[in-house]
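Biologist: I have some labels to test against their cut-offs. Please show me the model before we start.

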Amino acid sequence: MAKHINLTLKVWRQNGDKDRGKIETYEAKQISTDISFLEMLDMINEKLILESKEPIAFDNDCREGICGMCGAVVNGRAHGHQKGTTLCQLHMRHFSDGDVIVIEPWRSRAFKVIKDLVVDRSALDQIIQAGGYISVNTGSAPDANNIPVPMDTAEEAFDAAACVGCGACVASCPNASAMLFLGAKVSHFALLPQGQPEAKKRVKEMLAKMAELGFGNCTNEKECEAECPKEISISHIARLNREFIKSAIF
């Protein structure tokens, strides 16, 4: 495999949510296949700065796939074409010499474009805030272990807790639904005894907030599960629905 590749980048440039935005083309020459996608964008930005041009704005933080800060649509796929991978963990060895790469921001009414590839994802924070806090005092780590939880249940709760809130589920859903994100948060607490006291209130208020913020509904497209970098299962959406029904009946 070639150690260096030449690419053509078609990048969405937009200065705020009132701007119409447009695609601009950049040539990326002699890109090492050992670097990450974000490092490739860093190189493009260094070149743009040297040419006294505006660098491409994009979100990033830990660059280890654990913070959920990065994200862009690459050739029509949220976080690119590598399954179970965040944009910061996508490496250039997965591209070929001469490729044309189209890079766009998340698209959702609830995610307004701040600049270029940066969108405002605070709507996801508002959904979490609507769920409130857990009132149970779990104490220190040894005290928390006094509440017995079967291993399978604990593992399932941990799988739900792996959601990093990047918004790829929203960006990949034809309805721009946040149901996988919400399902992971509700399912995580619904599986643990500490989450039971506020369970009814939590699911009702988080669902109401999601609708208020303009996210769409789930119609079982499964694109969210396919594109989630943490491979969160849509079975958590099913548990979310069951928790909502329980809150209305009992």
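Biologist: What makes arginine 239 count as buried?

Modeller: Its relative accessibility is 12%. Buried means under 20% relative accessible area, exposed over 50%, and partly exposed in between, with a 1.4 Å probe and protein chains only. So arginine 239 counts as buried. A word on the source: this is a predicted model, where local features need pLDDT of at least 70, side-chain atom pairs count only at pLDDT 80 or more, and totals for chains, interfaces and linings use all residues. Residues are numbered from 1 along each chain as its sequence is written, and side-chain values use heavy atoms, leaving out hydrogens and water.

Biologist: Why is the contact of glutamate 156 with arginine 239 called a salt bridge?

Modeller: The closest N and O atoms are 2.9 Å apart. A salt bridge needs a side-chain nitrogen of Lys or Arg within 4 Å of a carboxyl oxygen of Asp or Glu. The pair therefore qualifies. Glutamate 156 is in helix H4 (residues 151-161) and arginine 239 in helix H9 (residues 235-249), 83 residues apart. Helices here are DSSP runs of H or I, at least four residues, and strands are runs of E, at least two, numbered from the N terminus.

Biologist: What is the exposure class of glutamate 156?

Modeller: Partly exposed, because its relative accessible area is 29%.

Biologist: How do you know that glutamate 212 is exposed?

Modeller: Its relative accessible area is 58%, so it passes the cut-off for exposed. Glutamate 212 also meets lysine 209 in a salt bridge, at 3.3 Å from N to O. Both lie in helix H7 (residues 199-212), three residues apart, about one turn of the helix.

Biologist: Which parts does the salt bridge of glutamate 24 with arginine 13 tie together?

Modeller: Glutamate 24 lies in strand E2 (residues 22-32) and arginine 13 in strand E1, so the pair joins parts eleven residues apart in sequence. Glutamate 24 is partly exposed at 26% relative accessibility, whereas arginine 13 is buried at 9%. Arg13, Lys22, Glu24 and Asp116 are linked in a network of salt bridges.

Biologist: Why are strands E1 and E5 called paired?

Modeller: Two strands pair if DSSP finds at least two bridges between them. Strand E1 (residues 4-13) and E5 have four, in the parallel sense, so they pair. Leucine 9 stands opposite isoleucine 101 in E5.

Biologist: Which side chains of E5 are buried?

Modeller: Ile101 and Ile103, which point to one face of strand E5 (residues 100-104). Val100, Val102 and Glu104 point to the other face and are not buried.
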